[in-house]
Amino acid sequence: MSNSKLSPNSVAFTAMAVEYCHTLENVLDFEKEEFVQRMLKLLPRIYISATDIAELPFEENFFAESFLEETAYNVVKDNIARLLADDDIYLEVFIEDMKYSDTPLSASIAENLADIYQPLYNLVAGVKDATNEAANEVIANCKADFDSYWGQTLCNVLRALHSLRFNPDINNFYK
């Protein structure tokens, strides 16, 4: 890969990642309603930004460094769970194990958001001081992970947040 500059879509995606990480790192500065609304606006923009990235070639042997420590991941997850309280758990239908289950499976909004936080944090940290070539590798790796894993997680948690915000049978905090 040549030392090409970052595309505008890659820059936009990285900016969305920065905003998302900043929001989750400061989750306790928000009221529950404000946080839910913020996620409902931010997640679709991240999805669009990720899908707007052209397929970037990357080396199969490329090792994307993980910058996020487990402790930091858990702090973010636990703070979101604390803010959402009883509204954190939702019934999930897009879990692979669902087709084998006779009972509903639950998922955690906090864990889903933290699962999205992890690759986006690694993206932001990975491109921070990188050359354009290395930044393109990091972005390509994050995009591949979006395609295979966290893009579906984003859609799932967006559905749960939408239901939390707009379904009066589930919540009372918007009345």
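In the predicted model, helix H1 passes helix H2 in a left-handed crossing. The two elements, H1 spanning residues 8-25 and H2 spanning residues 32-52, pack at an angle of about 155°, and their axes lie 9 Å apart. Because angles over 145 degrees count as roughly antiparallel, H1 and H2 are assigned to that class with respect to each other.

The surface that H1 contributes to this packing consists of Asn-9, Ala-12, Phe-13, Met-16, Glu-19, Tyr-20, Thr-23 and Leu-24. On the side of H2, the residues met by this set are Phe-35, Arg-38, Met-39, Leu-42, Leu-43, Arg-45, Ile-46, Ser-49, Ala-50 and Asp-52. Sorted by class, the contact of H1 with H2 comprises eleven nonpolar residues, together with three polar and four charged ones.

Pro-44 is also located in helix H2, and its relative accessibility of 27% places Pro-44 in the partly exposed class, since that class covers the range between the 20% limit for buried residues and the 50% limit for exposed ones. When neighbours within four places in sequence are set aside, the contacts of Pro-44 are with Met-39 and Leu-158; of these two, Met-39 is also among the H2 residues that meet H1. A further relation of Pro-44 across the sequence is with Leu-154, from which Pro-44 is separated by 110 residues along the chain but by 8.5 Å in space, C-alpha to C-alpha.

Helix H5, which covers residues 132-166, contains Asn-156. The relative accessibility of Asn-156 is 7%, and this residue therefore counts as buried, the limit for that class being under 20%. The side chain of Asn-156 is engaged in a polar contact with the side chain of Gln-152, at a distance of 2.7 Å.

With regard to the protein as a whole, five helices and two strands are assigned, and these elements follow one another along the sequence in the pattern α-α-α-β-β-α-α. The protein has 175 residues, of which 41% count as buried. Among the contacts in the protein with a sequence separation of 6 or more, 75% are accounted for by residues 24 or more positions apart. The contact between Pro-44 and Leu-158 and the spatial relation of Pro-44 to Leu-154, 110 residues away in sequence, may be read alongside this overall figure.

Key. Residues numbered from 1 in each chain as written. Predicted model: local features only at pLDDT ≥ 70, side-chain atom pairs only at ≥ 80, totals over all residues. Heavy atoms only, no water. Axes fitted to C-alpha atoms, helices over the stretch in contact; angles between N-to-C directions. Helix = DSSP H or I, 4+ residues; strand = E, 2+ residues; numbered from the N terminus. Parallel < 35°, antiparallel > 145°, perpendicular 65-115°, else oblique. Left-handed = near helix turned anticlockwise from the far one by under 90°. Contact = heavy atoms within 4.5 Å. Nonpolar A, V, L, I, M, F, W, Y, C, P; charged D, E, K, R; others polar. Buried < 20%, exposed > 50% of the residue type's maximum accessible area, 1.4 Å probe, protein only. Polar contact = N/O pair within 3.5 Å; in protein donor to acceptor, adjacent residues only side chain to side chain.
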